[in-house]
Amino acid sequence: MISISIIVAHASNYVIGKDGKLPWHIPADLKYFKELTYGSPIIMGRKTFESIGRPLPGRHNIIITRNSEYNNADCAVVFDFQAALKEASNFAEKNGSSDIYIIGGAEVYKQAINFADKAYITEVHADFDGDAVFDMLDISNWKEISRDYHANETTDLSYSFVVLTRISK
Ligand SMILES: NC(=O)c1ccc[n+]([C@@H]2O[C@H](COP(=O)([O-])OP(=O)(O)OC[C@H]3O[C@@H](n4cnc5c(N)ncnc54)[C@H](OP(=O)(O)O)[C@@H]3O)[C@@H](O)[C@H]2O)c1
């Protein structure tokens with residue numbers, strides 16, 4: 001059984017991005033993201049891909065766009081969310097991956113939420129200005145299974161790694 005997971009870091013006010021970038025720099029969160037997603041298919045919107053600026057190594061990068069001429073030699077490019085799930089499932093089956101990760105951004109999370117079985121959420125414990133916002137989960141459909149609080153190494157920003165599983169779809 002392949003699990004579909006959302007992975008997101010959001011501020012206390014649910015902001016996830018500003019001007020196409022992450023509003024914060026939390027090295028431990030980037031490490032956590034890498035450890036979880038390594039070896040798996042990752043699905044992202046075209047804007048998130050361009051904000052990262054390159055395919056993430058060691059993962060099957062799947063970009064969703066409505067632009068039929070969009071092309072990237074090192075990534076799979078698909079034209080709707082269902083096609084992204086299909087591409088990810090095919091890769092996962094062939095390569096023995098148990099997880100598909102939805103890595104953003106806001107527009108893609110919105111579509112993914114009804115398909116996800118699991119959510120890896122980094123709660124950044126501060127408000128931020130931004131133009132991309134994560135839609136709050138309907139908590140009655142989700143159960144928190146773990147929560148680990150951390151203080152950032154270099155700043156006074158604290159954050160928690162929270163894992164939730166879906167109770168019902
Ligand atoms: N904090 C976090 O964890 C996190 C994670 C990821 C991203 N972010 C931030 O989020 C922001 C980007 O989010 P965003 O909502 O603006 O953009 P996005 O979701 O990354 O990408 C949106 C684009 O994806 C394509 N797309 C989305 N749904 C589609 C569909 N059903 N069919 C075909 N194409 C589809 C379209 O591309 P075309 O315009 O090419 O048609 C659309 O413009 C950035 O600031 C980024 O840094 C934060």
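What follows is a walk through this predicted model, from its nonpolar cores to its helices, its ligand site and a few unusual backbone spots.

Let's start inside. In soluble globular proteins, nonpolar side chains tend to be buried together. Here the largest nonpolar core holds 27 residues, and the members that touch the most others are Ile6, Ile43, Phe81, Ile102 and Phe134. Quite a few elements chip in with two or more residues: the strands β1 (3–11), β4 (60–64), β5 (76–78), β6 (99–102), β7 (118–124) and β10 (158–166), plus the helices α3 (81–95) and α4 (106–112). The top contributor is α3, which supplies four residues. There is also a second core, apart from this one, with 26 residues that include Ile7, Ala9, Met44 and Phe128.

To get a feel for the largest core, click on Phe134. Setting aside neighbours within four places in sequence, Phe134 is in contact with Ile6, Val8 and His10, with Tyr14 and Ile16, and with Tyr109 and Ile121.

Since α3 gives the most to that core, it makes a good next stop. Its 15 residues should span 21 Å at 1.5 Å a residue, and that agrees with the 21 Å between its end C-alpha atoms. Which of its residues are buried? They are Phe81, Ala84, Leu85, Ala88 and Ala92. These residues sit on the same side of α3, because they cover an arc of only 95 degrees around the axis. Turn to the other side of α3 and you find Lys86, Glu93 and Lys94 exposed. As for what the buried residues of α3 pack against, the list is β1, β3 (41–45), β4, β5, β6 and α4.

The two ends of α3 are worth a look too. At its start, a side-chain oxygen of Asp80 comes within 3.2 Å of the backbone nitrogen of Gln82. After the helix comes Gly96, which has a positive phi near 70 degrees.

Now compare helix α1, which runs over residues 27–37 and has Ala28, Asp29, Tyr32, Phe33 and Thr37 buried. Those residues cover an arc of only 155 degrees around the axis, so they lie on the same side of α1. Lys31 and Glu35 are exposed on the other side of α1. The buried residues of α1 are covered by elements including β1, β3, β6, β7 and β10. Just after α1 comes another glycine with a positive phi, Gly39, at about 90 degrees.

Strand β1 has come up with both helices, and Ser5 is found in it. Is Ser5 buried or exposed? Its relative accessibility is 0%, so Ser5 counts as buried. Leaving out residues up to four places away in sequence, Ser5 touches Asp99, Ile100, Tyr101 and Ile102, along with Lys118 and Tyr120.

On to the ligand. There are 30 residues around it, and those that come nearest are Arg46, Thr48, Thr65, Arg66 and Gln111. Backbone atoms take part here as well. A backbone N or O atom of Gly105 lies 3.0 Å from a ligand oxygen. For Glu107, a polar backbone atom is 2.9 Å from an oxygen atom of the ligand, and for Val108 the corresponding distance is 3.4 Å.

Gly105 deserves a second visit. It sits in the loop between β6 and α4, and the peptide bond leading into it from Gly104 is cis, with omega near -5 degrees. Most residues other than glycine have a negative phi, and most peptide bonds are trans.

That brings us to two residues other than glycine with a positive phi. Tyr14, in the loop between β1 and β2 (15–17), has a phi near 75 degrees. With a relative accessible area of 25%, Tyr14 is partly exposed, and you have already met it as a contact of Phe134. Asp19, in the loop between β2 and α1, has a positive phi of about 50 degrees. How does Asp19 count, as buried or exposed? Its relative accessibility is 60%, so Asp19 counts as exposed.

Note on methods:
Residues are numbered from 1 along each chain as its sequence is written. This is a predicted model: local features need pLDDT of at least 70, side-chain atom pairs count only at pLDDT 80 or more; totals for chains, interfaces and linings use all residues. Side-chain values use heavy atoms; hydrogens and water are left out. A nonpolar core is a set of buried Ala, Val, Leu, Ile, Met, Phe, Trp, Tyr and Cys residues joined through side-chain atoms within 4.5 Å. Buried means under 20% relative accessible area, exposed over 50%, partly exposed in between (1.4 Å probe, protein chains only). Contact means heavy atoms within 4.5 Å. The expected span of a helix is 1.5 Å times one less than its number of residues. The arc is that of the directions from the helix axis to the C-beta atoms. A polar contact is a pair of N or O atoms within 3.5 Å; within protein, one must be able to donate a hydrogen and the other to accept it, and residues adjacent in sequence count only if both atoms are side-chain atoms. A residue is near a molecule or strand if one of its heavy atoms lies within 4 Å of it.
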